[in-house]
Structure formats: C-alpha cells, structure tokens
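Me: I'd like to practise reading burial, contacts and cores from a model. Could you walk me through it?

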Amino acid sequence: MKKGAPTSDVWKSMKQRCLNPNSKSYKHYGGRGITISEEWKSSYKTFQKDMGIRPTLKHTIERIDNNG
C-alpha cells in the first residue's frame with residue numbers, strides 16, 4: 001500500500017469511522033452499528049480489488065441507505 005495514496009486514505013478513514021471509538025465520526029458510523037466486512041477490515045488489497053482505484057478526489061465511499 002502506498003502511503004498517502006487516495007484509495008488507501010479512503011480505506012483508512014473508513015476503518016477509523018467504523019472501528020475507532022476515539023474518532024470524531026465514530027458516533028455516526030461504528031457507534032450506530034455500521035460495520036465493515038472482515039475481508040475489507042483486514043486487507044487493503046481486497047478493498048482495492050473490490051472498489052477499484054479512487055478516480056478523483058471528488059469521489060467518496062458512502063452508504064446508499066444510512067439507516068439500513
């Protein structure tokens with residue numbers, strides 16, 4: 001994984017929001033029960049294979065239904 005690469009930054013941020021109770025955004029994600037698959041949690045390569053490279057900095061990873 002390249003340090004500072006946009007796709008790896010997305011992966012790291014997603015993990016922080018969903019897994020780290022000390023993250024400012026945790027209450028909106030992990031604190032609400034939003035989880036990450038075991039495959040994505042443990043492997044950046046799997047996340048990148050499934051999602052692809054982030055096309056631009058304007059592209060984000062979000063849930064379609066925040067309450068689902």
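Reply: Happy to; we will take two serines and then a nonpolar core, bearing in mind that this is a predicted model.

Me: Let's begin with serine 23. Where is its place?

Reply: Serine 23 lies in the loop between helix H1 (6-19) and helix H2 (38-42).

Me: Is serine 23 buried or exposed?

Reply: The general idea is a cut-off: buried means under 20% relative accessible area. Serine 23 has 17% relative accessibility, so serine 23 counts as buried.

Me: Which residues does serine 23 touch, leaving out those up to four places away in sequence?

Reply: With those set aside, serine 23 touches Gln16 and Arg17.

Me: And how should I class serine 13?

Reply: Anything between the buried limit of 20% and the exposed limit of 50% is partly exposed. Serine 13 sits in helix H1, and its relative accessible area is 35%, so serine 13 is partly exposed.

Me: How far apart in space are serine 13 and serine 37?

Reply: Their C-alpha atoms are 15 Å apart, while 24 residues separate serine 13 and serine 37 in sequence.

Me: Now the core. Which residues form the largest nonpolar core?

Reply: A nonpolar core joins buried residues of certain kinds through side-chain atoms within 4.5 Å. The largest one here has ten residues: Val10, Trp11, Met14, Cys18, Tyr29, Ile34, Ile36, Trp40, Tyr44 and Phe47. H1 and helix H3 (44-51) are the elements giving two or more residues to this core, and H1 gives the most, with four.

Me: What does methionine 14 touch?

Reply: Apart from residues up to four places away in sequence, methionine 14 touches Ile36, Trp40, Phe47 and Ile61.

Notes: Residues numbered from 1 in each chain as written. Predicted model: local features only at pLDDT ≥ 70, side-chain atom pairs only at ≥ 80, totals over all residues. Heavy atoms only, no water. Buried < 20%, exposed > 50% of the residue type's maximum accessible area, 1.4 Å probe, protein only. Contact = heavy atoms within 4.5 Å.
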